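Let's take a friendly walk through a protein model, one residue and one strand at a time. Have the picture open as you read.

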Amino acid sequence: MLTIRGLSSGYGAIEVLEDLDIDVASGEIVTLIGANGAGKTTLLMTICGKPRARAGSIVFDGEDITHLPTHMMVRRGIAHVPEGRHIFPRMTVLDNLHMGALSVDPKFFDEDMERALTLFPILKDRLKQRGGTLSGGEQQMLAIARALMSRPRMLLLDEPSLGLAPLIVRQVFDTIATVNREHGVTVFLIEQNAFQALKLAHRGYILVNGRIVMQGLGSELLANPDVQSAYLEGRAAPKVSTT
């Protein structure tokens with residue numbers, strides 16, 4: 001569904017990404033992990049057109065979108081949940097969800113609203129509450145729910161666990177799995193919580209200083225000693241089955 005070849009990107013004189021090749025197949029959850037400053041957020045922003053790719057190509061569902069205007073990405077079926085959530089804090093939860101649905105035929109609104117509130121029941125009790133008064137976890141739920149209101153085929157998630165309590169992190173990752181499994185949404189996940197991300201993902205990539213240095217199945221990367229040492233902070237990762 002998403003094919004990235006030879007991608008380079010950056011800001012001004014600073015080259016952040018260099019010659020990246022990444023594939024995300026339809027129906028997959030693929031994660032990209034790496035340290036702060038590795039270029040993870042820049043990659044998602046480049047997919048969405050800000051900044052523009054300096055070299056290489058980004059192809060979504062057979063169409064080259066490398067130079068497509070950013071607002072057209074949503075109409076192609078791509079939804080981006082940025083780092084820091086970026087909900088509309090002065091708008092109510094309901095208004096935020098309406099904003100997410102602007103590109104969709106209004107006849108689907110009630111159906112999509114029901115799906116969002118089934119995934120995040122707490123939001124049902126917050127519909128008239130301003131987004132900025134929600135807890136951090138509730139704001140992250142709202143950000144994902146707002147993205148889903150656009151009926152995406154691919155969801156780009158940037159650090160959805162950032163700053164959240166462990167219980168909320170588990171709820172968010174469980175919901176991502178449900179969105180993928182039950183609603184058929186392909187997910188490209190950028191995440192510093194490598195353990196949770198690799199447990200969830202079908203496949204993963206490791207980004208170091210703007211370059212892909214390793215890739216494989218999520219279970220393979222969890223069991224890799226180099227990945228454990230660099231990203232799993234001493235966690236005991238499961239062995240990859242050979243049977």
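Start with glutamate 28, which is buried because its relative accessible area is 13%, and the cut-off for buried is under 20%. Keep in mind that this is a predicted model. You can find glutamate 28 in the loop between β2 and β3 (29–33). What does the side chain of glutamate 28 make a polar contact with? The partner is the side chain of arginine 203, at 2.7 Å. Leaving aside residues up to four places away in sequence, glutamate 28 also touches others, including Asp23, Asn180 and His202.

Now compare a second loop residue, methionine 91, placed between β6 and α3 (93–100). Is methionine 91 buried or partly exposed? With a relative accessible area of 29%, methionine 91 is partly exposed. Among the residues that methionine 91 touches, again not counting those up to four places away in sequence, are Asn96, Met99 and Arg130. Lysine 128 is 37 residues from methionine 91 along the chain, yet their C-alpha atoms are separated by 8.9 Å.

Here are the two loop residues side by side:

| Residue | Relative accessible area | Class |
|---|---|---|
| Glutamate 28 | 13% | buried |
| Methionine 91 | 29% | partly exposed |

Next, look at the strands. Strands of a sheet pair through backbone hydrogen bonds, in either a parallel or an antiparallel way. This model gives you an example of each. Strand β1 (residues 2–11) and strand β2 (residues 14–24) are antiparallel, with seven bridges between them. Within this pair, serine 9 has leucine 17 of β2 as its bridge partner. Two residues lie between the strands of this hairpin, and there glycine 12 takes a positive phi near 60 degrees.

For the parallel example, turn to β6 and strand β7 (residues 154–158), which are joined by four bridges. Here valine 81 stands opposite leucine 157 in β7. Helix α5 (residues 136–148) lies across β6 and β7, and runs at about 170 degrees to β6.

Finally, where do β6 and β7 fit in the wider sheet? They belong to an open sheet of six strands, in the order β6-β7-β8-β3-β9-β10, with mixed pairing. Its edge strands are β6 (78–81) and β10 (211–217), each of which pairs on one side only. From one strand to the next, the twist averages 15 degrees. As you trace the strands, remember that in a regular strand the side chains alternate between the two faces of the sheet.

Methods
Residues numbered from 1 in each chain as written. Predicted model: local features only at pLDDT ≥ 70, side-chain atom pairs only at ≥ 80, totals over all residues. Heavy atoms only, no water. Pairing = 2+ DSSP bridges. Axes fitted to C-alpha atoms, helices over the stretch in contact; angles between N-to-C directions. Contact = heavy atoms within 4.5 Å. Buried < 20%, exposed > 50% of the residue type's maximum accessible area, 1.4 Å probe, protein only. Polar contact = N/O pair within 3.5 Å; in protein donor to acceptor, adjacent residues only side chain to side chain.
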